[in-house]
Amino acid sequence: VQLQASGGGLVQPGGSLRLSCAASGSIFSIRDMGWYCQAPGKARELVAGITSGGSTNYADSVKGRFTISRDNAKNTVYLQMNSLKPEDTAVYHCNADIQKYSGRTYSGYWGQGTQVTVSS
């Protein structure tokens, strides 16, 4: 199983980016999916999460600015990031709870991370 994240880059304050993360490989079912960020010298923290049913949760710092969504047919999770601020600068990692075969337990998988830099 692999998670491939894309969509990061350099953007000015107030700008927007859309991150994507596609899961591939032996996948029977995906439960929760989410995005985490890690700034230099800081611990990785949850940005937004989404269940298989579409329920979402967000860090207080991004509520009203970021939107997480998923396409279950494509095994892909997205993060629409609007009104970006310099403090959003970090490496963004996707995460997914994946069941590889029917009857097996779910395991957590991480994408490789994509850099988001907000600067003028």
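Let's start with Glu-45. Is Glu-45 buried or partly exposed? Glu-45 has a relative accessible area of 45%, so it counts as partly exposed. Keep in mind that this is a predicted model. Glu-45 has its place in strand β5. Set aside the neighbours within four places in sequence, and Glu-45 is in contact with Trp-35, Tyr-36 and Cys-37. Now look at Ala-59. Glu-45 and Ala-59 are 14 residues apart in sequence. In space, their C-alpha atoms are 8.8 Å apart.

Glu-45 takes us to the largest pocket. How much space lies in that pocket? About 240 Å³. The lining has 18 residues. Closest to the centre are Cys-37, Glu-45, Ser-61, Glu-87 and Asp-88. Which elements give two or more residues to this lining? They are β4, β5 and β9. The most comes from β5, with three residues. What about the chemistry of the lining? Nine of the residues are nonpolar, three are polar and six are charged.

Now, the largest nonpolar core. This core has 29 residues. Which members touch the most other members? Trp-35, Val-47, Phe-66, Val-77, Leu-79, Met-81 and Tyr-92. Here are the elements that give two or more residues to the core. From the start of the chain we have β1, residues 2-6, then β3, residues 17-24, then β4, residues 29-38. Next come β5, residues 45-50, and β7, residues 66-71. The list ends with β8 at 76-81, β9 at 90-99 and β11 at 114-118. The largest share, five residues, comes from β9.

Take one core member, Val-47. Which residues does Val-47 touch, not counting those up to four places away in sequence? From one stretch, Trp-35, Tyr-36 and Cys-37. Then Asn-57, Tyr-58, Ala-59 and Val-62. Then Phe-66, Leu-79 and Tyr-92. Note that Trp-35, Tyr-36 and Cys-37 are also the residues in contact with Glu-45.

Next, His-93. Its strand is β9. Buried or exposed? His-93 has a relative accessible area of 9%, and the cut-off for buried is under 20%, so His-93 is buried. The side chain of His-93 makes a polar contact with the side chain of Arg-44, at 3.4 Å. Leave out residues up to four places away, and His-93 touches a longer list. That list has Gly-34, Trp-35, Tyr-36, Gln-38 and Arg-44. It also has Trp-110, Gly-111, Gln-112 and Gly-113.

Trp-110 deserves its own moment. Trp-110 is found in strand β10, residues 107-110. Its relative accessibility is 41%, so Trp-110 counts as partly exposed. Trp-110 and His-93 are 17 residues apart along the chain. How far apart are their C-alpha atoms? They are separated by 6.8 Å. Beyond its neighbours within four places, Trp-110 is in contact with Leu-3, Tyr-36 and Arg-44. His-93, Cys-94 and Asn-95 complete that set. So Arg-44 is in contact with Trp-110, and Arg-44 also has the polar contact with His-93.

On to Thr-114, in strand β11. Thr-114 has a relative accessibility of 10%, so it counts as buried. Its side chain has a polar atom 3.1 Å from the backbone nitrogen of Gly-8. Gly-8 also appears among the contacts of Thr-114 outside four places in sequence. The others are Ala-5, Ser-6, Gly-7, Leu-19, Ala-90, Val-91 and Tyr-92. Thr-114 and Cys-37 are 77 residues apart along the chain. Their C-alpha atoms are separated by 9.4 Å. And Cys-37 is one of the residues closest to the centre of the pocket.

Last, two loop residues. Where does Asn-75 lie? In the loop between β7 and β8. Its phi is near 50°, a positive value in a residue other than glycine. Asn-75 has a relative accessible area of 24%, so it is partly exposed. Now Ser-83, in the loop between β8 and β9. Ser-83 is not a glycine, yet its phi is positive, at about 50°. With a relative accessible area of 40%, Ser-83 is partly exposed.

To wrap up, go back to the pocket and the core. Strand β5 gives the most to the pocket lining, and β9 gives the largest share of the core. Thank you.

Methods. Residues are numbered from 1 along each chain as its sequence is written. This is a predicted model: local features need pLDDT of at least 70, side-chain atom pairs count only at pLDDT 80 or more; totals for chains, interfaces and linings use all residues. Side-chain values use heavy atoms; hydrogens and water are left out. A nonpolar core is a set of buried Ala, Val, Leu, Ile, Met, Phe, Trp, Tyr and Cys residues joined through side-chain atoms within 4.5 Å. Buried means under 20% relative accessible area, exposed over 50%, partly exposed in between (1.4 Å probe, protein chains only). Helices (H or I, at least four residues) and strands (E, at least two) are DSSP runs, numbered from the N terminus. Contact means heavy atoms within 4.5 Å. On a 1 Å grid over the protein atoms alone, a cavity is a set of points where a 1.4 Å probe fits but cannot get out, and a pocket is an open set with protein on both sides within 12 Å along at least five of seven lines; lining residues have an atom within 4 Å of a point. Grid points are joined across faces, edges and corners, and a volume is the space filled by probe spheres set on the points. Ala, Val, Leu, Ile, Met, Phe, Trp, Tyr, Cys and Pro count as nonpolar, Asp, Glu, Lys and Arg as charged, and the others, Gly among them, as polar. A polar contact is a pair of N or O atoms within 3.5 Å; within protein, one must be able to donate a hydrogen and the other to accept it, and residues adjacent in sequence count only if both atoms are side-chain atoms.
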